[in-house]
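Welcome! Let us walk through this structure together, beginning with the whole and then moving in to a few of its strands.

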Amino acid sequence: MQAGNVFLVTGATGYIGSRLVRALAERNAASGLILPVRDRGKAGKMYAGLAAVEGLELHFVEAAAEDPELQKLSQPIDYIIHCASVTQSAEMIVHPVETADGIVLGTRNLLELARRKRVKSMVCLSSMEVYGAVPDCGRPLREDELGMIDLMSARSCYPQGKRMAEHYCYIYQQEYGVPVKIARLAQTFGRGVRPDDGRVYMQFARAALEGRDIVLKTAGQSMGNYCAADDTINAILTILDAGADGEVYNVVNEANTMRIREMAELVAGEIAGGTIHVRVEPENAFLTGYAPDTGLRLSAEKLRGLGWRPEKGLAQMYREVMKQIDSGDC
């Protein structure tokens with residue numbers, strides 16, 4: 001990638017999308033940023049500082065990823081990074097139809113835009129949840145080693161939607177030659193994460209900060225795969241620049257793979273210094289919306305083949321997050 005290109009980034013008010021936008025601006029990689037957002041006012045406030053960056057033009061479009069209005073954009077577009085998606089499990093349970101539609105129709109809409117604009121490259125963000133239920137086979141799994149997804153579960157709207165989105169990427173590349181790649185993300189957190197984020201890693205961080213025991217709502221046997229936000233941003237841009245068209249790349253730091261219970265013990269012991277404990281108080285999984293237990297371990301071998309290397313371990317990720325929460329900088 002060279003300076004002077006126009007990027008379209010969806011999900012720009014979300015965690016990953018906002019980190020990408022700022023990374024592109026900081027690296028002087030873009031002359032223009034087109035940001036489809038649901039709330040132009042919110043986005044304007046979030047990026048007020050970037051409006052003054054010399055040589056960078058910001059253009060907000062009040063539209064969801066699936067909105068046909070995006071096809072009417074008149075500006076040239078060199079790169080597309082599609083980050084927009086529902087991320088809260090409870091939302092997936094309450095609105096499974098809207099969740100699936102947003103993922104699948106949004107991805108197809110962006111792929112069609114990429115085809116029409118003849119972009120240089122596109123990355124679509126996917127999720128490790130596409131693997132479904134897999135046993136722990138004792139080694140990290142490659143991108144083609146998928147398991148089963150229960151179609152009779154409302155919560156499956158997310159992983160099944162992501163699978164279909166990945167398939168759309170593949171067939172758009174095959175039929176129309178769209179230069180799209182897929183970044184299949186592990187759980188990502190680190191600097192800049194919202195302090196009110198409800199996902200399990202932030203629940204653990206807040207418990208450590210407040211001196212409260214970590215209370216698990218499941219037995220914590222599900223395997224977790226994690227990657228620092230900074231490492232993830234570098235991975236996405238590496239895939240955009242050097243990835244093969246139509247290919248999928250796991251984005252994970254394999255050294256950070258562990259069971260939820262093990263991560264809770266790490267936070268209670270290493271991060272909180274043993275001042276708190278881990279307790280298990282199970283709840284109804286249907287009501288909480290937690291994904292089913294999985295033994296999934298992801299392999300990043302394919303991504304490392306592009307020259308990417310992760311730098312931050314889980315303990316460092318937690319220290320950075322807790323420092324920012326404690327200072328009010330999140």
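A good place to begin is with how much of the chain is hidden: of the 330 residues in the protein, 53% are buried. Please keep in mind along the way that you are looking at a predicted model.

Stepping back to the overall fold, you can find 11 helices and 13 strands in the protein. Its radius of gyration is 19 Å, close to the 20 Å that the globule rule gives for 330 residues, so the protein is as compact as a globular protein of that length. If you draw a box along the principal axes, the C-alpha atoms fill roughly 55 × 45 × 40 Å.

How is the chain connected to itself? Among contacts with a separation of 6 or more, 82% join residues that lie 24 or more positions apart.

Now for the outside. The accessible surface comes to about 14,900 Å², and carbon and sulfur atoms contribute 49% of it. As for charge, the protein carries 37 positive and 42 negative charges, and the mean positions of the two sets are 2 Å apart.

With the overall picture in mind, let us turn to strand S1, which covers residues 5–10. Six of its six residues are buried, so S1 is largely enclosed by the rest of the structure. In a regular strand, side chains alternate between the two faces of the sheet. You can follow two sets of residues here: Asn5, Phe7 and Val9 point one way from S1, while Val6, Leu8 and Thr10 point the other way, and all of them are buried.

Which strands pair with S1? One of them is strand S2 (residues 30–37), which runs parallel to S1 and is joined to it over four bridges. Within this pairing, Val6 has Gly32 in S2 as its bridge partner. S1 also pairs in the parallel sense with S4, again over four bridges. There, Thr10 stands opposite His82 in S4.

That brings us to strand S4 itself, made up of residues 79–82. Are its faces covered or open? Both are covered: Tyr79 and Ile81 are buried on one side, and Ile80 and His82 are buried on the other. From S4 you can continue to strand S5 (residues 121–127), since these two strands also pair in the parallel sense over four bridges. In this pairing, Ile81 stands opposite Val123 in S5.

Notes
Residues are numbered from 1 along each chain as its sequence is written. This is a predicted model: local features need pLDDT of at least 70, side-chain atom pairs count only at pLDDT 80 or more; totals for chains, interfaces and linings use all residues. Side-chain values use heavy atoms; hydrogens and water are left out. The radius of gyration is taken over C-alpha atoms; the globule rule is 2.2 Å times the number of residues to the power 0.38. Buried means under 20% relative accessible area, exposed over 50%, partly exposed in between (1.4 Å probe, protein chains only). Contact means heavy atoms within 4.5 Å. Accessible areas come from the Shrake-Rupley method with a 1.4 Å probe; for residues, only the protein chains shown count as cover. Lys and Arg count as positive and Asp and Glu as negative; His and the chain ends are not counted. The place of a charge is taken as NZ of Lys, CZ of Arg, CG of Asp or CD of Glu. Two strands pair if DSSP finds at least two bridges between them.
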